[in-house]
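Me: I should like to take a close look at a single part of this protein. Please explain that part in connected steps, as for a first-year student.

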Amino acid sequence: MNTRPDQPLRLGTRRSKLAMSQSGHVADAVRAVTGRAVELVEITTYGDVSREHLSQIGGTGVFVTALRDALLRGEVDFAVHSLKDLPTAQPDDLVIAAMPRREDARDALVARDGLTFEQLPDGARIGTGSPRRTAQLNHLALSLGKRIETVPIRGNVDTRIGFVRDGELDAVALAAAGLNRIGRGDEATDLLSVDSVLPAPGQGALAVECLASDTDLVAALGELDDPHTRAAVTAERSLLAALEAGCSAPVGAFADLLADGEIVNEMRLRGVVGTLDGTTLVQLSTTGPVPQSYDEAMALGRELADEMLAKGAAGLMGERSL
């Protein structure tokens, strides 16, 4: 490792309550496997200070650049990202040393009066900053014979839930993992099944990143890696990359492991892309052996992307700059 054993390892993290919480969990795990002290170094990213909508400022990759720059400048030894924020292209000089076991990947609804999605009234106003959620929530509403109004929002968990508490919105859609990590999972009034709303590729998973040249640290962090999470998330991100879709495109993907009794023997990858109004979705799935390598996981994602493109997915992503 680049730092002396008597020096703390420096973990770069965004300043938000959620980022600090999930980085704190990783710091605890790194202390346990290395015996080293770990200190959190708070870094402000452009995505944190800009009030523009993500699709206007370059998608969720805007949360990542400052952390990676700090790594490359040697200001921190490793960084923790929400995996769904990472662009699909990986810089050569950095490596994702660990993808710890994934949290709940589903989207959660926090609605007024404890309502579930099905109980929301016709015309309900739902806040989300995600084109993916917008497309699928509108589609789900149409399938239930009602319409909703999706309202673009930004901000941290407190801010978003505040829109509901203040009566500005009927509900907000958030990642269940984020609520769970800050100890607020019980505030969700509904957990949206992946059969109805597919999460963002990598949602619920973390990426622990460091310099590729720091081989000792890469090996130490690798102790935190969960192979099933890595295989699933790699397939999901391969699908996203093969669709040539940025973080702000209305693409959902989820890979889950299928078990025969106690033996996990297959992986099912599902993908969706749709128009923002929810009237048209291309949703397909493929099932194959659990990938045993990076290349096999990547191939699974590309295979499904090719099928989706053949079904017209590319035309539906024309809205991704909105």
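How many residues lie between β11 and β12 in the hairpin that they form, and which residue in the turn has a positive phi?

Reply: The model is a predicted one. In the hairpin formed by β11 and β12, two residues lie between the strands. The residue in the turn with a positive phi is G261, at about 70°. Strand β11 covers residues 251–260, and strand β12 covers residues 263–274. The two strands pair in the antiparallel sense, over 10 bridges. One bridge may serve as an example: A255 has L269 of β12 as its partner.

The residue L269 leads from the hairpin to the nonpolar core. In soluble globular proteins, nonpolar side chains tend to be buried together. The largest nonpolar core of this model has 19 residues, and L269 is among those with the most contacts inside it, together with L239, L243, M267, V273 and M308. Both strands of the hairpin, β11 and β12, give two or more residues to this core, as do α9, α10 and α11 (313–316). The largest share, five residues, comes from α9. Another core lies apart from this one; it has 16 residues, including V38, V80, V208 and C210.

The surroundings of L239 can be followed residue by residue. Not counting residues up to four places away in sequence, L239 touches G252, A253, R270, G271, G301, L304, A305 and M308.

A further residue to consider is L198, which is placed in the loop between β9 (190–192) and β10 (206–211). L198 has a relative accessible area of 0%, and it therefore counts as buried. Leaving aside neighbours within four places in sequence, L198 is in contact with G252, A253, F254, R270, G271 and V272, and also with D107, R132, Q136 and Q283. Along the chain, L198 and G271 are 73 residues apart, yet their C-alpha atoms are separated by 7.4 Å.

Finally, the helix α9 also takes part in a pocket. The second largest pocket has a volume of about 480 Å³. It is lined by 22 residues, of which M99, R230, T234, Y294 and M298 are the closest to its centre. At least two lining residues are supplied by each of β4 (94–98), α9 (227–242) and α10 (294–310). The largest share of the lining, nine residues, comes from α9. By class, the lining has 13 nonpolar, seven polar and two charged residues. Thus α9 gives the largest share to the core and also to the lining of the second largest pocket.

Terms used: Residues numbered from 1 in each chain as written. Predicted model: local features only at pLDDT ≥ 70, side-chain atom pairs only at ≥ 80, totals over all residues. Heavy atoms only, no water. 1 Å grid on protein atoms, 1.4 Å probe; cavity = no way out; pocket = protein on both sides within 12 Å on 5 of 7 lines; lining within 4 Å. Points joined across faces, edges and corners; volume = space filled by probe spheres on them. Helix = DSSP H or I, 4+ residues; strand = E, 2+ residues; numbered from the N terminus. Nonpolar A, V, L, I, M, F, W, Y, C, P; charged D, E, K, R; others polar. Pairing = 2+ DSSP bridges. Core = buried A, V, L, I, M, F, W, Y, C linked by side-chain atoms within 4.5 Å. Buried < 20%, exposed > 50% of the residue type's maximum accessible area, 1.4 Å probe, protein only. Contact = heavy atoms within 4.5 Å.
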